[in-house]
Amino acid sequence: MRLYFEIGLRAFRRATIYRSAYIAGILTNAFFGTLICFMYQALYGSGGNVAGMSLHDAITYVWLTQSLISVGGGWMSTDIIQTIRTGEIANDMARPWSFFGYWLSRSFGERLLNLILRGTLTYLIGVLYFRAAIPSLEQFTPFLIAVLLSMVLSFSFGFIINMIAFWTIDATSMVWLVNTIMMFFSGFLLPLAFFPAPLAAIARLLPFQAITSLPVLIFLGKIEDIAILNSFLLQLFWIVLLVSVSLMIQRAAMRKLVIQGG
Amino acid sequence: MALIEVENVAKTFRVAKRYEGRFGAIRSLLAREYREVHAVDKVSFQLEAGEMVGYIGPNGAGKSTTIKMLTGILVPSSGRIMVAGRVPYQERVAHVRKIGVVFGQRSQLWWDLPTIESFELLRHIYKIPFERWRENLDTFSDILELGPFLHTPVRQLSLGQRMRADLAAALLHDPNILFLDEPTIGLDVVAKDRIRQFLQRINKERGTTVILTTHDLEDIERLCQRVILIDHGTLIYDGALEELRNRFGRERTVVIDIENGLPDNAHDWRPIGVNSVRREGRRFWFSFDRHATTAAALIGEIAQRYQIRDLTVEEPKIETIVRQIYESGSVTV
């Protein structure tokens, strides 16, 4: 366990080096946050609720999803694919560790910094300029747990997709496709409450809503009391499933291993 | 039992055929056709503990593929590999705990972090006791002069510094076997020399078995008593470096500067045993087969015809020998 903590720690420290990337990231998120908020303000007009969400809810929703993007909510990295393509993976394979565990702790360290720094600062802009909600501690604590669970969940999902690169060289295009699907069904682009019923039903069967929609709804207080526990259980269910698939695909990949370059 | 046993090992890659032309990409996707590439083809050899072996061959000969199979990150298509009583890919974790690997062109260090951070992480990866880790780090820092850049981010290191750091990184956990894939690639003479001295010391003092692939035959001449030569995936020579020179380096060259007054028939004359004669002004190159005549006999014969001012005998360079073998593609030179 100590080893994985140390890996995470280094990933965290490594991420602190790219300050300009952080500022650029925050500005991008704030730009889109602002844009979508203007749109909602125009659409909501004088007031009222849409699908159970007030304008204030919608604005909070926008800033939360923008803040969570770098935590795994709307975007999947191709880090593992890169190491497969460059052959760098040879070094990572020649280590007495779990390959999955290595990448999980690495990604966790990185995302934790994203959450603390990039996420918080982005959300702060939303609070200052659009009065996005400041949650109570009772809402924030389960939200934080849900976000941490979603980090493991989205990582495992990304791991599975990245590992496809063991079988095909063009895995990057696959990532883009899956990213689009994920952004849509996770509720990152649009709250699932706004979906037409059949689409919303599909979304509820997929793991993506557990990545973005569930934590955000907990934050908004739309999921309360015992329902919070159910939502944790749903996340855990997907984690167990996706981690198992990850480990299976890892075993298959090891067997089939083809490393680029002679 | 030998430390490393490689028996009839082969590795065949299936490579998807690519189609050219406008719809090539789509055709490649729909109608996959494969061709087989035999990267390694029935290679066998054994290595004893404490040996230092050069594994050489031209580009694409199958060197790296062999190394990857020995390190357990590539599964052989057929044949048997045993390293220290283990099948590398079956017991990957137990196996890699005992080996060190340096892929010269790919660093194992964390690019953005100070070098020492990677060394510290290695302590946790291999669960090295702190005292032992400290001791090793001090020793390596000393020999490889890592001190000045221990706290510099890896991306700011020169290639020579990075390679030294990579070498230290591969040895912190006292591996029994060290695999080096092109450890001196791209380095200048001083840096190469330092690395060679270090490897020699590690091999001698710690008894670490070293297998290195290289294109720089000076590495081999300086470090290895034994070479294994492969080409097109097949083993074409396994033995002492000296023997390689004796068997394939039969050609010597006598270079002679003569005084003025050339005889008219200088162009046609070719002493017995001489394969070729080249002339530039007053300098002659006589290349001869060491088994057909001797340098002494040849020089005597030349001295009878010409007045010799200066002479040297050129030994074949190991480089030339290996090039000849690569070019002819076989050992039956």
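**Exercise 1. Find the ring under B:R123, then look for a similar arrangement between the two chains.**

*Solution.* Start in chain B: B:R123 lies over the face of B:W133, at 5.2 Å from the ring centre. Keep in mind that you're looking at a predicted model. Now hop across to the pair made by chains A and B. A:R106 sits over the face of B:W110, and here the distance to the ring centre is 5.3 Å.

**Exercise 2. Work out how A:F100 and A:F159 meet, and where each of them sits in chain A.**

*Solution.* Step one is the setting: the search turns up 24 aromatic pairs over all chains. One of them joins A:F31 and A:F32, with 5.3 Å centre to centre and 75° between the planes. Planes over 60 degrees apart count as edge-to-face, so the A:F31 and A:F32 pair gets that label. A:F32 is partly exposed, because its relative accessibility is 40%.

Step two is the pair we're after. A:F100 and A:F159 are also an edge-to-face pair, at 5.0 Å centre to centre with 90° between the planes. They link distant parts of the chain: A:F100 belongs to helix α6 (residues 99-130) of chain A and A:F159 to helix α7 (residues 137-163) of chain A, 59 residues apart.

Step three is burial, where the cut-off is under 20% relative accessible area. A:F100 comes in at 6%, so A:F100 is buried. A:F159 has a value of 0%, so A:F159 is buried too.

Last step: look around these two rings. A:F99, A:F100, A:F155 and A:F159 make up one aromatic cluster.

**Exercise 3. Which residues form the nonpolar patch on the surface of chain A, and is A:Y129 buried or exposed?**

*Solution.* First, list the members: A:I116, A:L117, A:L121, A:L124, A:L128 and A:Y129. Together they have about 630 Å² of accessible area. Next, zoom in on A:Y129, which you'll find in helix α6 of chain A. The relative accessible area of A:Y129 is 64%, so this residue counts as exposed.

**Exercise 4. How many disulfides does a search of the whole structure find?**

*Solution.* The search comes back with zero disulfides over all chains. While you're on cysteines, check two of them for burial. A:C37 has a relative accessible area of 0%, so A:C37 is buried. B:C224 has 5%, so B:C224 is buried as well.

**Exercise 5. Go through some salt bridges of chain B, noting for each where its partners lie or how accessible they are.**

*Solution.* A quick reminder: side chains of opposite charge can pair when their charged atoms come close. Over all chains, the count is 28 salt bridges.

- Take B:E7 and B:R80 to begin with: their closest N and O atoms are 3.3 Å apart. B:E7 is in strand β1 (residues 4-16) of chain B and B:R80 in strand β4 (residues 78-83) of chain B, so this pair ties together parts 73 residues apart in sequence. With a relative accessible area of 38%, B:E7 is partly exposed; B:R80, at 35%, is partly exposed too.
- Move on to B:E91 and B:R86, a salt bridge whose closest N and O atoms are 3.6 Å apart. B:E91 is partly exposed at 38%, and B:R86 is partly exposed at 23%.
- Finish with B:E135 and B:R132, whose side chains meet in a salt bridge of 3.0 Å, N to O. Both lie in helix α5 (residues 130-144) of chain B, three residues apart, which is about one turn of the helix. B:E135 is partly exposed at 45%, and B:R132 is partly exposed at 28%.

**Exercise 6. Which residues are linked in a network of salt bridges?**

*Solution.* From chain A, pick out A:R2, A:E6, A:R10 and A:R13. From chain B, add B:E117 and B:E120, and you have the network.

**Exercise 7. Where do A:A51 and B:D174 lie, and what is phi at each?**

*Solution.* A:A51 has a positive phi of about 50°, although it is not a glycine. Its place is the loop between α2 (19-44) and α3 (55-68) of chain A, and A:A51 is partly exposed, with a relative accessible area of 47%.

Now for B:D174: phi is near 50° here, again a positive value in a residue other than glycine. B:D174 lies in the loop between α6 (159-171) and β6 (177-181) of chain B. At 30% relative accessible area, B:D174 is partly exposed.

Conventions
Residues numbered from 1 in each chain as written. Chains lettered and ligands numbered in written order. Predicted model: local features only at pLDDT ≥ 70, side-chain atom pairs only at ≥ 80, totals over all residues. Heavy atoms only, no water. Phe/Tyr/Trp six-rings, centres within 6.5 Å; stacked < 30°, edge-to-face > 60°. Buried < 20%, exposed > 50% of the residue type's maximum accessible area, 1.4 Å probe, protein only. Helix = DSSP H or I, 4+ residues; strand = E, 2+ residues; numbered from the N terminus. Lys NZ or Arg CZ within 6 Å of the ring centre and 35° of its normal. Patch = residues over 30% accessible without salt bridge, like charges linked within 9 Å, V, L, I, M, F, W, Y side chains within 5 Å. Areas by Shrake-Rupley, 256 points an atom, 1.4 Å probe, with all protein chains shown as cover. Salt bridge = Lys/Arg side-chain N within 4 Å of Asp/Glu carboxyl O. Disulfide = S-S within 2.5 Å.
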